[in-house]
Amino acid sequence: MRTEALAVAALAALALAGCRQGMFDQAKKEAYEASDFFADGTSARPLPANTVARGQLREDRGYYFGMDDAGTLVAEPPIAVDRALLERGRERYEAFCSMCHDRAGTGNGMVVQRGFPPAASYHQERLRAMPAGYFVNVMTAGFGRMPSYASQIPPADRWAIAVYVKVLQAAHGTALDALPPEARAAAEAALAGAGEGGASGESAGGHGATGGPGGAGPAETGPPGEAPAAAGGGPRAETR
Ligand code: HEC
């Protein structure tokens, strides 16, 4: 009984293996496999002359590569630059570039902090002088250890990112007194806030709410053990 069952199992296994083998060994060429069928010895076939694969017409080289046929980098973005484009550029930049280049573009993103080769800072003189087309070109073709992002980021988004990178550069190197008065006041207020720590605005609000006669009263008159806990509780909850 037992041997019969084993024999059946063995036969079934053989039969199944046979099925798989047939599909496994079908006549096909794998990527880069040699072939003696074609005179040039490769199985991969080049496109016939003067044909373009569907969806791959790249006539406007400046748009697709950031560089025209003569090798000149495109300076004027071939798309309308408005606030919506910058928002799109920021969103795409933060999704595709910031993990290496960081959100300010200094080249020290989380992936670099975890051991990837340092990504370039956009704020070095050489890159500050580059037109937007250069950034499209780097995204399209890759650069050194940075891979190409052409297959992941369509050309319109590459331009949005490039324009946003130019904005990051401008924001990084602009002197306070070059700003219009309202923008300067806003920047100074933001800088003052940043100097006291990110949550300063909120903890100041916390003090306002818990301070004053009401807040100070319990601290002086209440049990010593309770007052510090209550005082500490307010701001902690506020800054979380
Ligand atoms: C996986 C990490 C990584 C990501 C993601 C990444 N980069 Fe880079 N990038 C690098 C590294 C590393 C270098 C430096 C390459 C070198 O010098 O070999 C670099 C260099 C650059 C340079 C400088 C080229 C030069 O002339 O020195 C530009 C511009 C650039 N990246 C733009 C981008 C943009 C825009 C994105 C988003 C679409 C992006 N990178 C996404 C890692 C990355």
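**Exercise 1. Packing of α3 and α8**

Determine at what angle α3 and α8 pack in this predicted model, and which residues make the contact.

*Solution.*
Step 1. The axes of α3 (83–96) and α8 (155–173) lie 7 Å apart, at an angle of about 95°.
Step 2. Angles of 65 to 115 degrees count as roughly perpendicular, so α3 is roughly perpendicular to α8.
Step 3. On the α3 side, the contact is made by Leu 85, Leu 86, Arg 88, Gly 89, Arg 90, Arg 92 and Tyr 93. On the α8 side, Asp 157, Ala 160, Ile 161, Val 163, Tyr 164, Val 165 and Val 167 take part.
Step 4. Sorted by class, this contact of α3 with α8 holds nine nonpolar, one polar and four charged residues.

**Exercise 2. α8 as a helix**

Compare the span of α8 with the expected value, then state which of its residues are buried and which elements they pack against.

*Solution.*
Step 1. α8 has 19 residues. From its first C-alpha to its last it reaches 27 Å, close to the 27 Å expected at 1.5 Å a residue.
Step 2. A residue with 20 or more other C-beta atoms within 10 Å of its own is buried. In α8 the buried residues are Asp 157, Arg 158, Trp 159, Ala 160, Ile 161, Ala 162, Val 163, Tyr 164, Val 165, Lys 166 and Gln 169.
Step 3. These buried residues pack against α3, α6 (125–128) and α7.

**Exercise 3. The shell around the ligand**

Describe the residues around the ligand by proximity, element and class.

*Solution.*
Step 1. There are 21 residues around the ligand, of which Cys 97, Cys 100, Ala 119, Gly 144 and Met 146 come nearest.
Step 2. Two or more residues of the shell come from each of α4 (98–101), α7 (132–141) and α8.
Step 3. The class count for the shell is 18 nonpolar, two polar and one charged residues.

**Exercise 4. Two positive phi values**

For Tyr 32 and Asp 102, give phi and the location, and decide whether each is buried or exposed.

*Solution.*
Step 1. Tyr 32 is not a glycine, yet its phi is positive, about 65°. Tyr 32 sits in the loop between α1 (2–24) and α2 (61–65).
Step 2. Tyr 32 counts as exposed because it has 8 C-beta neighbours inside 10 Å, and the cut-off for exposed is 12 or fewer.
Step 3. Asp 102, also not a glycine, has a positive phi of about 60°. Its loop runs between α4 and α5 (110–113).
Step 4. Asp 102 has 20 C-beta neighbours inside 10 Å and therefore counts as buried.

How values were computed: Residues numbered from 1 in each chain as written. Predicted model: local features only at pLDDT ≥ 70, side-chain atom pairs only at ≥ 80, totals over all residues. Near = placed C-beta within 6 Å. Helix = DSSP H or I, 4+ residues; strand = E, 2+ residues; numbered from the N terminus. Nonpolar A, V, L, I, M, F, W, Y, C, P; charged D, E, K, R; others polar. Expected span 1.5 Å × (residues − 1). Contact = placed C-beta atoms within 7 Å. Axes fitted to C-alpha atoms, helices over the stretch in contact; angles between N-to-C directions. Parallel < 35°, antiparallel > 145°, perpendicular 65-115°, else oblique.
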